[in-house]
Amino acid sequence: MDEDTQAALPGPAAAERATGERAPQRWVRGWRRIMLGAGMLVYPCLTAVAVGGNVSGAALVAGYAVVGAFCLCFVLTATAMIHGRRRQVLLLLAVMSALFLAALPSAHENAFYLATVVVSFVAVLRRRHATLVTVTATLAALLVPWAVPAWHAGPGAFQALALLFTVLTTGAFAEIATTNQALVAARAEVARLASEAERNRIARDLHDLLGHSLTAITVKSRLAQRLAAKDPDQSLAEMAAVESLSRQALTDVRAAVTGYRDVTLAGELARGRELLRAAGVVADLPTSTDPVATQDGELFGWVVREGLTNVVRHARADRCTVTVTGSSVEIRDDGTGADGRTGGTGGTGGTGEGSGVGKGLRGLRERVAAAGGTVEAGPLSPRGWRLLVTVPPGARHGRAPARKGTT
């Protein structure tokens, strides 16, 4: 079946089958569709009435037989269209056209009611040719009765108008059905894209959340092992902190999956200070987050979480400094492990090019780009690493505050 036919058919179209959804257009489904199609049988009935008024005897029987055969072909054609049987539809239309011609001697000008049904099918099946066929059939319905003296009839104005407006209505109905099916397909595509975006969000959040928490747990576990022999009490305290971190990680994972996690700059600075202390890194962190706008607090919190996690993982640093302003957050360390932060372990290093950039940096760049900001990351001279995220004031004013669970 050609594309026009598939798009116009009111039966189960390809878009609906692909999406698995029931289309919302109620008037082209189920018993309503049958009622709309059955309405076209009014035209063969009008033709049958005309046959009874024009002929009698054997001609009358033959005329009724022609009209009856036409009605049967109409039902078969509609069924074939619903099931997408293109060749059968075309064959039946050819038979219906022949029956229309056969009805002319007995029904005279009223036989053009049968032509109305045939041309309506053409308007649905072959919309590229619908205009030419409709104009030709309308002129024939108007002029043929006048051109045949034996019919004793003038121009078939009523039959021509009935044909024209019926075909126009049928074509409009087909266009509406096509549009509705396209909307169903578009809605399914939007739902699929939204689902994919949500999966990506969850994957990114889980990476950021677990990367930070598991790093902290690893560092504290090692510290507890070192302290076990010489300071058992401190070792127990570190293990208690490990338990607390694991519980918090579980809570964060559950919150990320449901889309309601709460990441704040102040909270991440507090966690980062404890993480750096456990790793033996001197922490120079701000004690206030007042310069940061409310709508940027969550974003800067994610930056601090990712940056400090990678300092502990890769930097082998002695000191780490975090500087926060109203439009930026900067993380510096004096470590020597810059190469590790450009790999696939989620480091913040690099500039974003190449296959070596980890998931952490990619996720961070996505968050910052959504906020209208920029990310700069790279080595310092003579040693160390710098991560700078900047969100210009104009970018903040041009966007709405982020909903929890998204960036």
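**Exercise 1.** Determine in what order the strands of the open sheet are arranged, and which strands stand at its edges.

*Solution.* In this predicted model, local features need pLDDT of at least 70 and side-chain atom pairs count only at pLDDT 80 or more, while totals for chains, interfaces and linings use all residues. Residues are numbered from 1 along each chain as its sequence is written, and side-chain values use heavy atoms, with hydrogens and water left out. Taking strands (E, at least two residues) and helices (H or I, at least four) as DSSP runs numbered from the N terminus, and pairing as at least two DSSP bridges between two strands, one finds 5 strands in the order E1-E2-E3-E5-E4, with mixed pairing. Strand E1 (282–284) and strand E4 (374–379) each have a single partner strand, so one side of each lacks a neighbour in the sheet.

**Exercise 2.** Describe how strand E3 and strand E5 pair.

*Solution.* Strand E3 (residues 328–333) runs antiparallel to strand E5 (residues 385–390), and 6 bridges join the two. Within this pair, Ser328 is opposite Thr390 in E5.

**Exercise 3.** Identify which residues touch the most other members of the largest nonpolar core, and which helix gives the most to this core.

*Solution.* A nonpolar core is a set of buried Ala, Val, Leu, Ile, Met, Phe, Trp, Tyr and Cys residues joined through side-chain atoms within 4.5 Å, where buried means under 20% relative accessible area (1.4 Å probe, protein chains only). Of its 42 residues, Phe70, Met96, Phe100, Val117 and Phe121 touch the most other members. The greatest contribution comes from H7, with 11 residues.

How values were computed. Buried < 20%, exposed > 50% of the residue type's maximum accessible area, 1.4 Å probe, protein only.
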